[in-house]
Amino acid sequence: MRDGYERAIRWTLTHRLKFLGLLGVFLLFTAGLAWARVKFVLFPPGLIDEFFVMVDMPRGTALSSTRKALEAVEAAVMKLPASDLKAVTGVVGQKGYEETVRLGTHYAQVRVFLTPEESRTRKTAAVVAALRAELASVPGAERVLFDEVRPGPPVGKAVQVRVRGRDTALIGRVADELKAVLNGIDGVKDIQDSREGGKDQLRLRIDEREALFAGLDYQRLGQSLFYAVDGSRVTEIQRPNEEVRVRVRLQPSSRADTAQLLGLDVENPQGRQVRLGRVARFEEAEGPAFIAHYNFRPVVSVAADVDLAKVTSREANARVRKMFADAAERFPGVELIYGGEEEQTEESMTSLFRSFGVALLLDFVILAALFKSYVQPFIILTSIPIGLMGVVYALILHGAPASFMALLGVVAMTGVVINNAIVLIDLVNTKRDEGLDPVEACVQAGVQRLRAIGASSITTLLGLFPSAYGFGGYEPFVAPMTLTLAWGLTFAMPMTLFLVPAVYVFVDDLRRWGGRLGARLRKPQPSAGRGVPEPAEKS
């Protein structure tokens, strides 16, 4: 093996320009392939064993009708084989979880617990797709939504945009247009906004002209209606063991009858009774589930999930940004604020690249102090792009996205792959001090360090590949990091034994060419037409 490596390294150093040129072309090809094929997902779903099925009925639906829709969903879920289904829970009058909870008689949801994904023949995505098709037409339901509970750090919805402004009607129209754009992107699903979940309301519209003639203002009209519907505490009755508060208001049947409410008499400041229906009227409208503000202004949040097989969160957000690039001109006073996974991705990537830059800077400083050279650290750091090539092909071959944990493995890889280059360059410098020329020094150093570099790299890989491929147990959160680290080291280990010596000799060539060029420029040139005088002959 050593003899074969020695012949290979001698050929590489003899044809170093061809070798470096071909490697550069291959590196550019790999970069283009990564741009076209590798997708970015901050935290991939991994092994999902739990999801929600949420049912939206028309507003005002009675609990009994909503319960029937819930039972239809539960019946479909219970058809899942016992090998897939672990448990099912259902609730009427509520949907969502944590901060997304919505209450109302027209809501219902089923929570499905599956057996561990690694022990099932069908993946969770296939189970959800089958149920989505079966529950496409639940009797009486307006829509059925699915929400998969992902393991790992919470990153929010794949697409989440806050539409912020002062004009609530305008931000509502912008939110509707945003939902239409999302609906046109293939792979975007389960689109919803924060206005959903409101109840029907009766709003009192006052005729200002008639109210002015009658001597009534908003406060007096609103107060009279409030006392009629909510009542007013008029007295308290003391009993031996308790205190009874007496509240006077209309009967329930009268409070629900708009005609009777409009028949109420309101007293104006002059003491005259004015019929409420003379100055006002009722109209039905949908009320908001809640009034949300962001930085002291009204906001409507639009959120959606994505099918990673068709589109990623980053791609979907990029399309939305492109479609609303001129939002400031089209909708004055409205601001679009991107959150959810997009916001977390930007923050995480900024932090990660900052850490990566600091790691490279510290590597350079330490290597410069160790080798007392500003050039040799760059020679050593050339092994990092080779490791990145291994990462790209690992992600493509395994069909995995470039996630945060995968990039964290890249950062860790940079510290591992340069170790081989350090021990190699250190021995090359020793050989040069012994008087060997650059080519022979690199050949002898490579041959002597071959076993040490190979043994240390192989033992490291033997520790990484079980975690990367789940030998003895698969952990989806850690696997991307170990996968990129292992494949980056797999590519970098053999290539380091060829690339680093070739770059070392090439840099020495540049130094010698530069020295000769500098000496030629410093050499004085004789003036034209003037020769050197010959010495006089002695007599």
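**Entry 1: helix crossings**

A crossing is called right-handed if the near helix is turned clockwise from the far one by less than a right angle. With that in hand, and keeping in mind that this is a predicted model, I looked up the crossing of α15 and α16 and noted that it is right-handed. Helix α15 covers residues 383-398 and helix α16 covers residues 404-433, and their axes come within 9 Å and cross at roughly 130°. I therefore entered α15 and α16 as oblique to each other.

I then turned to helix α1 (residues 2-14) and helix α17 (residues 438-469), which pack with their axes 10 Å apart and at an angle of about 150°. Since angles over 145 degrees count as roughly antiparallel, I wrote α1 down as roughly antiparallel to α17. The crossing of α1 and α17 is right-handed.

**Entry 2: salt bridges**

I took the count next, and the structure holds 21 salt bridges. As a reminder to myself, side chains of opposite charge can pair when their charged atoms come close.

The pair I went to at the start of this search was D509 and R16, whose side chains meet in a salt bridge with an N to O distance of 2.5 Å. D509 lies in helix α18 (residues 479-522) and R16 in helix α2 (residues 16-37), so this pair ties together parts that are 493 residues apart in sequence. I also checked the cover on these side chains, and found D509 buried and R16 buried as well.

For E283 and R281 I noted a salt bridge at 3.4 Å, N to O. E283 has a relative accessible area of 24% and is partly exposed, and R281, at 49% relative accessibility, counts as partly exposed too.

E243 forms a salt bridge with R245, and here the closest N and O atoms are 4.0 Å apart. E243 is partly exposed, with a relative accessible area of 39%, while R245 has a relative accessible area of 57% and is exposed.

I closed this search with E6, R10 and E440, which are linked in a network of salt bridges.

**Entry 3: a nonpolar patch**

Looking over the surface, I found a nonpolar patch formed by V358, L362 and I366, which together have about 280 Å² of accessible area. I traced V358 to helix α13, which runs over residues 340-371. Because its relative accessibility is 44%, V358 counts as partly exposed.

**Entry 4: two loop residues**

I looked up K372 for its backbone, and its phi is near 55°, a positive value in a residue other than glycine. K372 is found in the loop between α13 and α14, the latter covering 376-381. With a relative accessible area of 75%, K372 is exposed.

S119 was the other loop residue on my list, and I placed it between β3 (102-114) and α4 (124-134). At 53% relative accessibility, S119 counts as exposed, because the class begins over 50%. I also looked up its distance to S83, which is 36 residues apart from S119 along the chain, and the C-alpha atoms of S119 and S83 are separated by 8.5 Å.

Technical notes
Residues are numbered from 1 along each chain as its sequence is written. This is a predicted model: local features need pLDDT of at least 70, side-chain atom pairs count only at pLDDT 80 or more; totals for chains, interfaces and linings use all residues. Side-chain values use heavy atoms; hydrogens and water are left out. Patches are made of residues with over 30% relative accessible area and no salt bridge: like charges are joined within 9 Å, nonpolar side chains (Val, Leu, Ile, Met, Phe, Trp, Tyr) within 5 Å. Accessible areas come from the Shrake-Rupley method with a 1.4 Å probe; for residues, only the protein chains shown count as cover. Helices (H or I, at least four residues) and strands (E, at least two) are DSSP runs, numbered from the N terminus. Buried means under 20% relative accessible area, exposed over 50%, partly exposed in between (1.4 Å probe, protein chains only). Axes are lines fitted to C-alpha atoms, for helices over the stretch in contact, and angles run from 0 to 180 degrees between N-to-C directions. Angles under 35 degrees count as roughly parallel, over 145 as roughly antiparallel, 65 to 115 as roughly perpendicular and the rest as oblique.
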